[in-house]
Amino acid sequence: MNHLHDSMEPRVMDDDMLKLAVGEQGPREEAGQLAKQEGILFKDVLSLRLDFQNILRIDNLWQFENLRKLQLDNNIIERIEGLENLIHLVWLDLSFNNIEAIEGLDTLVNLEDLSLFNNRISKIDSLDALVKLQVLSLGNNQISNMMNIIYLRQFKCLRMLSLSGNPMAEAEDYKMFICAYLPDLVYLDFQRIDDHMAKLAEMKHQYSIDELKHREDLLQVQLEDKQARREELEAHKSAFIEHLNGSFLFDSMCAEDVEGSKLSHLPGVSELLEAYKDKFVIICLNIFEYGLKQQEKRKTELDTLNECIHEAIQENQEQGKQKIAKFEEKHLLNLSAIREESELPNVEKKIRECSEDITELSNTLMMLEMQLVEQLEETINMFERNIIDLVGLLIENVQSLMAQCRDLENHYHEKLLEISINTLEKIAKGELEEDLPDDVRAVGFQKFNSVEASGAF
């Protein structure tokens, strides 16, 4: 799948190869010679060519953290890997290699141009992170299923697509299908899509596309709803009140109480449980509302802190600018006077005065900086005290509300025990009219025996 001689041995992408490539691609003039002598930092390299190197595996690129363009075509690379740190990459050429699957591109969120021409790829996928993708070259691969085109609909910036040389390109409806399902595409297989073909394609596949759009719209609504719920949950977590705006806490407690769920069959227990739940949920909602209010207060404190810091820095800088401007005005006058002065003692005197002015300016600026530091420390300390007070108040009030939940729980269990004992007594006397399941009777007798053993009767 590549043009390298079979006699060449596979090569490793090591530091020596990378240094040589960087050196050869650097400037040729005096600056380039100086860079070769002193060395070039990989993090400063923006473009890198590694084509026709017989590279088998992508490796050791982690230092090229600011790379924008990477050329790895005409090698024998089998997997896309080792690119996770190249987050600024815009242009990537992996054509004429032995790649079988698209992978390893999840962090390349700024990639705009990707060439995988002439590889062994059979499926278009794993490109989801490339939201800025504009150019995609996948010609001369092994892609046969036209449904791969549907996957590319999510890339709203895609304008150029190459798929010629794939089995799918031999289909009679190949161009029409792509033009219909990718209406924003401008170039297909390096030819501009004319308006006439685009309209014919839309008409031919209109019914299928309308159905697809409807499904996509529903999916988008679901995704947006899911994202909104996720963001809401994160907001609630930051306020320490997640899952308290409903019956989640109560339901999770009941889900773990297997015996309690069995006892709900006893006469009157269902109503008792419902009343317990209603009161418990009200307390949870009170905690939730209180937590939101306290979170808003903490946010106000943080906003006030940032505002105070910004104002303090701005005011301090303004004072410093005024001092410097005043110094420069005086300094220019002193320089003019020194140039016009002919007597050496007078010149030396004025130079001393200039030196004193510089020292005074330095001391003034240092004093302003120290004042700023003290002002910021005082502001931050005040913020910390206010936050500690707010958090303490939150804990105190939540503990009080949770104590009410415990009181409700105790009251429920007392009433449940009372109902259980009355029911067991009726069973023993044969007075119970309702027919209870065997497992409920077993749980009831266990409760009865434990109470009897403790001397409650």
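# A walk through the model, one selection at a time

Start by selecting Arg49 and Asp51: the two form a salt bridge, with their closest N and O atoms 3.0 Å apart. Keep in mind as you go that this is a predicted model. Colour the pair by accessibility and you get two classes: Arg49 is partly exposed at 44% relative accessibility, whereas Asp51 is buried at 11%.

**Zoom out for a moment**

Show the whole protein as a cartoon. You should find eleven helices and ten strands. Of the 457 residues, 34% are buried. Switch on a surface and you are looking at about 28600 Å² of exposed area, 52% of it supplied by carbon and sulfur atoms. How much of the contact between residues at least 6 apart in sequence joins residues at least 24 apart? The share is 51%.

**Two asparagines to click on**

Now go back to the neighbourhood of your first stop in the sequence and pick Asn54, in the loop between strand E2 (47-49) and strand E3 (55-57). Check its backbone: phi is positive, about 60°, although Asn54 is not a glycine. Here's some background: most residues other than glycine have a negative phi. Is Asn54 buried or exposed? Its relative accessibility is 3%, and the cut-off for buried is under 20%, so Asn54 counts as buried.

Next, select Asn60, found in the loop between E3 and strand E4 (69-71). Asn60 also isn't a glycine, and its phi is positive at about 60°. With a relative accessible area of 23%, Asn60 is partly exposed.

**On to more salt bridges**

How many salt bridges does the structure hold? There are twelve, and you have already seen one of them, Arg49 with Asp51. For another, select Asp173 and Lys204, whose closest N and O atoms are 2.9 Å apart. This pair links distant parts of the chain: Asp173 sits in the loop between strand E8 (160-162) and helix H4 (174-181), while Lys204 belongs to helix H5 (residues 195-204), 31 residues apart. Lys204 is exposed, with a relative accessible area of 54%.

Then jump to Lys330 and Asp357, another salt bridge, where the closest N and O atoms are 3.4 Å apart. These two also link distant parts of the chain, with their positions 27 residues apart: Lys330 is in helix H9 (residues 269-340) and Asp357 is in helix H10 (residues 344-429). Lys330 is partly exposed, at 44% relative accessible area, but Asp357 is buried, at 13%. While salt bridges are on your screen, select Arg57, Asp59 and Glu81 together: bridges with shared partners join these residues into one network.

**Last stop: H7 against H9**

Finally, show helix H7 (residues 248-255) along with H9. Two packed helices are described by the angle between their axes and the distance between the axes. What are those values for H7 and H9? The angle is about 135°, and the axes are 9 Å apart. H7 and H9 are therefore oblique to each other.

To see who meets whom, turn on side chains for Leu249, Phe250, Asp251 and Met253 in H7, then for Leu273, Tyr276, Lys277, Phe280 and Cys284 in H9. Sort the residues of this contact by class and you get seven nonpolar, no polar and two charged.

Definitions and conventions
Residues are numbered from 1 along each chain as its sequence is written. This is a predicted model: local features need pLDDT of at least 70, side-chain atom pairs count only at pLDDT 80 or more; totals for chains, interfaces and linings use all residues. Side-chain values use heavy atoms; hydrogens and water are left out. A salt bridge is a side-chain nitrogen of Lys or Arg within 4 Å of a carboxyl oxygen of Asp or Glu. Buried means under 20% relative accessible area, exposed over 50%, partly exposed in between (1.4 Å probe, protein chains only). Helices (H or I, at least four residues) and strands (E, at least two) are DSSP runs, numbered from the N terminus. Contact means heavy atoms within 4.5 Å. Accessible areas come from the Shrake-Rupley method with a 1.4 Å probe; for residues, only the protein chains shown count as cover. Axes are lines fitted to C-alpha atoms, for helices over the stretch in contact, and angles run from 0 to 180 degrees between N-to-C directions. Angles under 35 degrees count as roughly parallel, over 145 as roughly antiparallel, 65 to 115 as roughly perpendicular and the rest as oblique. Ala, Val, Leu, Ile, Met, Phe, Trp, Tyr, Cys and Pro count as nonpolar, Asp, Glu, Lys and Arg as charged, and the others, Gly among them, as polar.
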